[in-house]
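Welcome! Here is a short briefing to help you find your way around a new structure. Take a look at the picture first, then read on.

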Amino acid sequence: MQSAKLLPHVRTITTLTLKCTSIASPVSSLLLDSYCEPNPQLGIYSTNRTVDAFIKSGQLSSAQKLFDDMPARDVVTYNLLISGHDRYGHPKRALYLYHEMVSHDLKESASTFSSVISICSNAGFYTEGLQVHCRVFSLGFGLNLYIGSSLVDLYMRMGLSVEALKLFDELPERNLATWNLMLRAFCELNRPDELLRLHTKMKYDGVEPNGLSFCYMVRGCTNEMFLHEGRQLHCHVIKLGWVDVNIFIANALVDFYSACGSLIDAKKSFEVIPLDDVISWNSIVSVYADYGSVFGALELFYRMQFWGKRPSIRSLVVFLNFASRTSNISFGKQIHCYVVKMGFDHGSVHVQSALTDMYGKCNDIESSVAVFEAVPKRTMECCNSLMTSLLHCGNIGDVLEMFGLMVDEGIGIDEVTLSTTLKALSISAFANLDSCRLLHCRAIKSALESDIVVSCSLMDAYSRCGHVELSLQVFENISSPNVVCFTSVINGYARSGMGRECLNMLEILIQKGLIPDKVTFLCVLAGCNYSGMVKEGQLVFNSMKSVYGIDPDRQHYSCMIDLLGRAGLLDKAEEMLQRTPGKGDCVMWSSLLRSCRVHCNEIVGRRVAEILMMLEPEDFVVYLQVSNFYSEIGEFEVAMQIREIAIARKLTREIGHSLIEVNSCH
């Protein structure tokens, strides 16, 4: 072996010696001259090794300089520089080198194609990737397993799953790495149906999934519709013993059950993992908070920190969202303090947005605005949070001004922006047909007209302006209207007193196989109420429980009581009110008393007046309404007594409170 390594050196010395001692023979001199020329391939090989060493040590610029100085290069040289530039984040430069290599008539190797296709996939150079695929085909590399796998990945990233599957099926062999590539792609595309199909196909091909395969499959099933299939996978991995030996699968199961909202299963999966190995703390904290078990979530939050696990943005946002839902500003402020301590208040758009939303939903709009103004850069997400907070607190003009600011500053708008602005516009003093059309044009220009939320908001805005026909036009342009879309149209009809049209739209909804919800029924009942359609309203009300299994709530009862009262069916209205959960509230009894006054029903009115005063003994307005009732039926003495009691109670409350000013030290 040693003599073989020294052979080139020996040959050079021999040649030089012979050349010096054989001047008389020109033929010998010529032959020896040719033999003395260094082998170019040996020089390229040696330089390639140096280039490779530079790249591995992170000296890419030195490798590039050496590459530029080389008199000759081969495919290996280019492969090294292409992969090196890709490794250090220069995909464009890597593709330029590939183009240069092809232009110099150097034929690609399998390694070249694998590297270049991967660069095109990762950097999003899809057009270039398709061109490389043509080169692969023309040079006959189509059946290479590694190149084929790279091409499958390219097409999956392009969203061309059908073409990717075709390439996958055409591969002469498929190893576990190739199967995992497909599983990962469908997991990222959120296609659990394809994941499960591939799992079955793997079994037929005799390929046994590994831990990574099961991680992709479990994570891909994080959808409530595939909870059953995910549980079957769970049983399978337990049977194969993967849960005990693969911590990533165990954590994937916690994430899976948390995402599906299955608290019990998430807890069970969480409890079998050693606490110092859990990487799904934030998932289990989230599912506890989503279920309203804030104390359980906080306990886990404390344990997570005890084990040295840093809370993620996800956990903090979940807690802030919980404070928003429950309007618990005290809890929200505590989380805000922790956010500041952890440094997330300026480092995360999601946290900043959640803080803005939390204060707004807790009706502390000043703090909401203060958080927004402290944001280093205004983003669309933070602007949307402030807009929804302003709308929640009734600052309608500020919502419209915020929309103008987002447009003027080029922040951008999305479906949340447009929907919130349309809601604000529809209840503002500026609501008119022109302003609605202006926002409609903006939705079309932003390609958001087809969004369900935007369409429903447009329908609501048009109907509030009295243009139900335009609302219907928006509805007819929706390709696949859901229950919410139908409800928006029905609500528009109801607002305009078009009860018959409400019933017709409800019938169309049912014919399409959709199931009306509580809000749909409430809108239909409101339409019947405004149109005086008693019989139809009663049929709709009764069908809620008997046909659809929906228990009417107070709003449905209130609507029916108002409908019966307007029609003069006061006995039936009183009977229904007595059957209402909690036997009704002050608003319902006040509505019935109004109907008694309109229809001059003294008998029912007296009973209602007594109940109303018992329900709200301290309410001056209630006593005033009852006093007016007695005055209208001619009992002026009783009316005066009730009025005097109301005035006395009002004065007592006012006299019992006073303002004081306390001197403060400065």
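Helices and strands here are DSSP runs, with at least four residues for a helix and at least two for a strand, numbered from the N terminus. On that basis, the protein chain comes to 39 helices and zero strands. Please keep in mind that this is a predicted model.

**The chain as a whole**
- The protein chain has 666 residues, and 44% of them count as buried.
- About 35200 Å² of the protein chain is exposed, and carbon and sulfur atoms supply 57% of that area.
- If you take the contacts between residues at least 6 apart in sequence, 60% of them join residues at least 24 apart.

**A buried residue: Asp 357**
- You can find Asp 357 in helix α22, which covers residues 349-361.
- Asp 357 counts as buried because its relative accessibility is 16%, and the cut-off for buried is under 20%.
- Leaving aside residues up to four places away in sequence, Asp 357 touches Ser 324, Ser 385, Thr 388 and Ser 389.

**A patch on the surface**
- Three residues, Tyr 302, Phe 306 and Trp 307, form a nonpolar patch on the surface.
- Together, Tyr 302, Phe 306 and Trp 307 have about 410 Å² of accessible area.
- Tyr 302 belongs to helix α19, made up of residues 294-306.
- With a relative accessibility of 60%, Tyr 302 counts as exposed, because exposed means over 50%.

Terms used. Residues numbered from 1 in each chain as written. Predicted model: local features only at pLDDT ≥ 70, side-chain atom pairs only at ≥ 80, totals over all residues. Heavy atoms only, no water. Buried < 20%, exposed > 50% of the residue type's maximum accessible area, 1.4 Å probe, protein only. Contact = heavy atoms within 4.5 Å. Areas by Shrake-Rupley, 256 points an atom, 1.4 Å probe, with all protein chains shown as cover. Patch = residues over 30% accessible without salt bridge, like charges linked within 9 Å, V, L, I, M, F, W, Y side chains within 5 Å. Salt bridge = Lys/Arg side-chain N within 4 Å of Asp/Glu carboxyl O.
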